Every structure is written in structure tokens, then in C-alpha cells.
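Got your viewer open? Let's take a short walk through this one, picking selections as we go.

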Amino acid sequence: MCGIVGYVGGQASLEVVIDGLRRLEYRGYDSAGVALVTNDGLFTEKRAGKLSNLDVALADVETPPSTTGIGHTRWATHGAPTDRNAHPHLGRQGRVALVHNGIIENFAALRSKLEAAGHELESDTDTEVAAHLLEAEVAAGADLTEAMQGVCRQLEGAFTLVAVSPDAPDRVVAARRNSPLVVGLGEGENFVASDVAAFIEHTREALELGQDQVVTITRDEVEVTDFRGNPAEGKPFHIDWDIAAAEKGGYDYFMLKEIDEQPRAIADTLLGRLSETGQLQLDEMRLSDDDLRAIDKIIIIACGTAFHAGLVAKYAIEHWTRIPCEVELSSEFRYRDPIIDRDTMVIAISQSGETMDTLMALRHARGQRAKVLAISNSNGSTIPRESDAVLYTRAGPEIAVASTKAFLTQIVACYLIALYLAQVRGTKYGDEIAEIVGQLEEIPAAVTEVLASLEPVRELAREMGAARLVLFLGRHVGYPVALEGALKLKELAYIHAEGFAAGELKHGPIALVEQGTPVFVVVPPKGRGPLHDKMISSIQEVRARGARTIVLADQGDDRVLPYADQLVALPTVPTLMQPLVATVPLQVFACEMAMVKGHDVDQPRNLAKSVTVE
Ligand code: F6R
């Protein structure tokens, strides 16, 4: 949610900043802007809409030389996505430029105070208030770093701020509270950004910042303090993914590439987690075995696709560990006064590690003394940092807004945690655990097989471009798969899509079915006796009412054939593994449908990748 870059070094800052914004555009694309420190003061340019609009505007002007600059790509919160509300925002005299990610909750009170003191604010944003305050601190004699500390002490809410001023031409000052900010450590140059993708082509060395910290970067130095100016330290880390991972690599869209990367992402997430003796090893698990044996309840908190991964995981966790498991939307969790104590394990699933709803739910859980375990794809992000234990998925950077490889690896990570708990608590024998890990290890090949067989699914999407409603049905672990299929279609193709537990259909939703309504059905593996039989009944019920059925079923599941208008054959895998193969055709269908409709697959309207507001 909003991408921020700051640079100081020997290169042309405009290029570095614009390249960084291009890599961060997935975080928001309502507007984009830059501010550069030049010999003549600040140069700023900003435009509503995608970064390409800013590119066009910049092509029309002569940009003065600069080696210090900041940039912003916006997901609008306060104020419409217009040129006027685009960042950077300037102080009253135009002596500081500021970009911001987050929400300043006390901005109305601060704005009134500023206006009473004669400040005229031009935009509807909360950010401009911070820019005026910052400049006022500088005017009162503070240097830019002290001024930033002073402003942060006045602000409430969530913010990452990055500022430059021609009065301090060789520095960029940034601050964070509850919103992401990392420092890139270069040779004779340094960077700040919302995410390492912004500077990965320049350096792989980075610094993770803590809560309520201010960082000042110059070409050769990085200084971290708290909001009172006391020295503080960031935590250095190495970025181990390659620049190619953040490039499209010949694909038209990141999403297409990320769908294809799923076999590798799953294999990497499993890598090295089973010892030679068959013992499951989760090195990142910092909770003691005694802690794990004491757990009497698990609550999974997550949003969107990550929530669907949690819904899948519940089946495995309860089946393998016999610990009751609830799955809750992060945004609902803390408002219902959940019953948690020191023997509750809360598992927070978040690809970005920055989702504010999940972060706030996690803090609530920790406040109640629950043990918190994070599953995340982003090293150095806030949710893992604030958790008692972490299991990283190794999906590599996920840049398309619609989550794909993160989903599958989140399921795998949850399964590893469930197996670990089963091992420690003795609810499964070692050979049983090894057998399940063996099944997981076969999934990359199964996903590769699915990916190779999806041309008919693409064909179907091309043919169904005009559909206005698509339904998805599943049972057991197929139910969250149905929810995920519907979510993908909504967010990418902007089509009304709903996922249902197939058994619920007759309790209401079946009224939606009309002649020709497309209904995707995820059929449980054929060995599942009654579950399989019930699903066949559900298919018959919708078909009897005119539905066009697209049936995802095991290869060789002959019993579904008479009821399938289209059959998508899946490799035969155990029931709990089925979501890992059955989701893939639904991702491809949604992606293709969006392309047919001419949508930007990587940047669907109104969305942003990392949702850092509540
Ligand atoms: C959907 C999607 C979102 C995210 C959700 C949580 O394709 O990507 O629903 O899954 O915003 O994001 P993370 O996992 O970063 O917490």
C-alpha cells in the first residue's frame, strides 16, 4: 500500500528512483511522483494514475542534475487519486518534500492547528500536514533528522515518511511506525524503500528497521535513532533472491510467471526441512517443545488469499495434531474479544508480512499472552519480527497483486507446522510423518503436470468472456479452493463470483443458478467414498437447473463424466494435498479471463499488494 523510495549516492537520482518505483508499483498505482534535490532547490513532478503517466510528464520537461531524491507510488486513502493529492507534498515554503505510506490518524486536529496558524494546505491528504510540520521544525532551527523526530512524536497512526530538503542536499531522512521501511546499503550510495525490490539491482545488503525509528542516509553513512534522537540499531540482512526473480523474464505479466513458478516455490519451501533420520526440523521455530506440548488451541489469523490457506490448513492441523483449530479473518479477530491465553497458539499468515489487519490482530494475541507463529514470504517484515516464531515460505518475490505461489506455499508451511506439532506431541509416528512429507515432495511434479495441461482451461476462459456470474463449489478442503477460485476471478476479471460449500447450496445459493450459469466444481479424490458421492449429487442438482458444469476431478474418475460439461483432470493425490493441485487451473482461468477482457492482470483496479491500513 503505497511504495516509497529514497536515494542518495553518485548516480542520477531520477533514474534510480523511477526504477525503484517501477518495482514497487504493485503496492499502489493511483498516482506517482518524485522530488529531487538540485542546485536550484527542489524539483518535483507528480501525476495521477499509473507510473507511465509520470514518465510521460517527465519526458516533456528538462530534469536538472540530482543525486538525492525520493519517489512515491500511491494507493489513495485520504483524498481522491488526483495530481493535487499525489505525493510528494511540500512544506509551506517549498523547502521540504515528503512522501508517506500509512494513515496519520490525528491529521484533522493537526490540520486545524496549522490552519489556525495561517498555513494554507493545498491537498486533501493527511501527508501534507506532516510536510508542513516538518518544514516548520526546520524553520525553527532543527536539522532535517531532528525535525523528523519531532514530527513523528506528534503523529498518531501508521506511517512511513521519507523527506528531502535542499537545506540538507546530501541526505534522505525516513521514519517508520507500523508501516514498512528497509534500508539498502550500497557502496558510496544508500537507499530507503518500502521493500527491497526497489534497490535489489544496486545492492543485496539491507537493514531492517524497528518500530518507531528514524533513519538518515547519506552516501557513506546510515544513522538510526528512535523518535527521541537516542541512537538505535537496525538489523542487517542479506537479500538472497536474484534480481531475475523480480523481473518478468519474458512473460507478459508477473502473474503468469508466478503461476509457473509454483512447483519450484513448493520445492524450495520444503527444502532441508526433513533431516536424514526423518525428523522434521523447523530451525526458525523458537518456541520450546514444552511450549508446543502445552498448546490446547490454535487460531489462524489472515486476510484474503492467506485466509483461504488457513481454511485449508485447519483440516490438516486438526487431523494430524488433534488440537482444535479456528480460522479467523484478522480484521474481525480482536473485535470479538476472542478467548485466548498462554496455551493458545496463534498462527499469523501473511505473504507480505505487513498487512495491518493481521499485524493488529497479532498484537492483540500477544497482549493476551498467546504464542504467535508467523508464516510469511518476506524476510525483515514486521509480522515475523513481532512473532515468537517464524516459518518463511520460500516463494521468492510475489509481485502480481493477485496471490498465487504464496497461497500454495502458505498451505505447505502450515502443513509443516502441523507435522512438527504432531511430532512433538506424539500424535503421529515418525514414519507416518515421513510418509506425509513424501506426499508433499511429490506435489511440485504434480503441479508441473497440471500446468502442462491447461490449454483447454484457457480456451474456456476465452469462450466465457461474457459471463456475468460464475459459481465455485467445493467440500472439505475443496471448499476453501472454491473460495479462492472465486476471489481470483473477482479481483482479476471483475466478475461476480462466489464460492460455496457444496452442501450449503440447497440452503439458498442454488437460487442463483440459471440456464448456462458456469459452475466450477472441485470434486474430492475418488477414494473419499461418501464425500465423493455427495459431491456428485451436488453436481446433478445444479445441472438439473441448467448450470454449465466445469468439473475438476481426479484423472480416471469416471463417475463424474456424465455430469461434466467440461472436465479438468487433476493428478491423483491424497485428499489433503488436493488444494495444491486443484487451485492452479482456477488461477489460470481467472488470469486468462482478465486478459480476454483487456484488464491489467498484475495491477487490478482499486487494489494494492500490501495492505498497510486497517
Ligand atoms: C488476493 C490477495 C489478497 C492477500 C491479502 C493478504 O489475491 O493477494 O487477498 O492475500 O491482502 O495479504 P498478505 O498475505 O500479504 O497478508
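**Salt bridges and a helix face**

Start by selecting Glu455: its relative accessible area is 40%, so this residue is partly exposed (buried is under 20%, exposed over 50%, partly exposed in between; 1.4 Å probe, protein chains only). Add Arg462, whose side chain meets that of Glu455 in a salt bridge at 2.6 Å, N to O; the term means a side-chain nitrogen of Lys or Arg within 4 Å of a carboxyl oxygen of Asp or Glu. Now bring in Arg458, Glu459 and Glu592: salt bridges with shared partners join them, Glu455 and Arg462 into one network.

A word on what you're viewing: this is a predicted model, where local features need pLDDT of at least 70 and side-chain atom pairs count only at pLDDT 80 or more, while totals for chains, interfaces and linings use all residues. Residues are numbered from 1 along each chain as its sequence is written, and side-chain values use heavy atoms, leaving out hydrogens and water.

Next, select Lys405 and Glu261, another salt bridge at 2.6 Å, N to O. Lys405 is buried at 1%, while Glu261 is partly exposed at 22%.

Now jump to helix H2, residues 51–59 (helices are DSSP runs of H or I, at least four residues, numbered from the N terminus). Leu51, Leu54, Ala57 and Leu58 are buried here. Looking down the axis, they fall within an arc of 115°, so they line one face of the helix; the arc is taken over directions from the helix axis to the C-beta atoms. Turn to the other side for Val56 and Ala59, both exposed.

Notes:
Helices (H or I, at least four residues) and strands (E, at least two) are DSSP runs, numbered from the N terminus.
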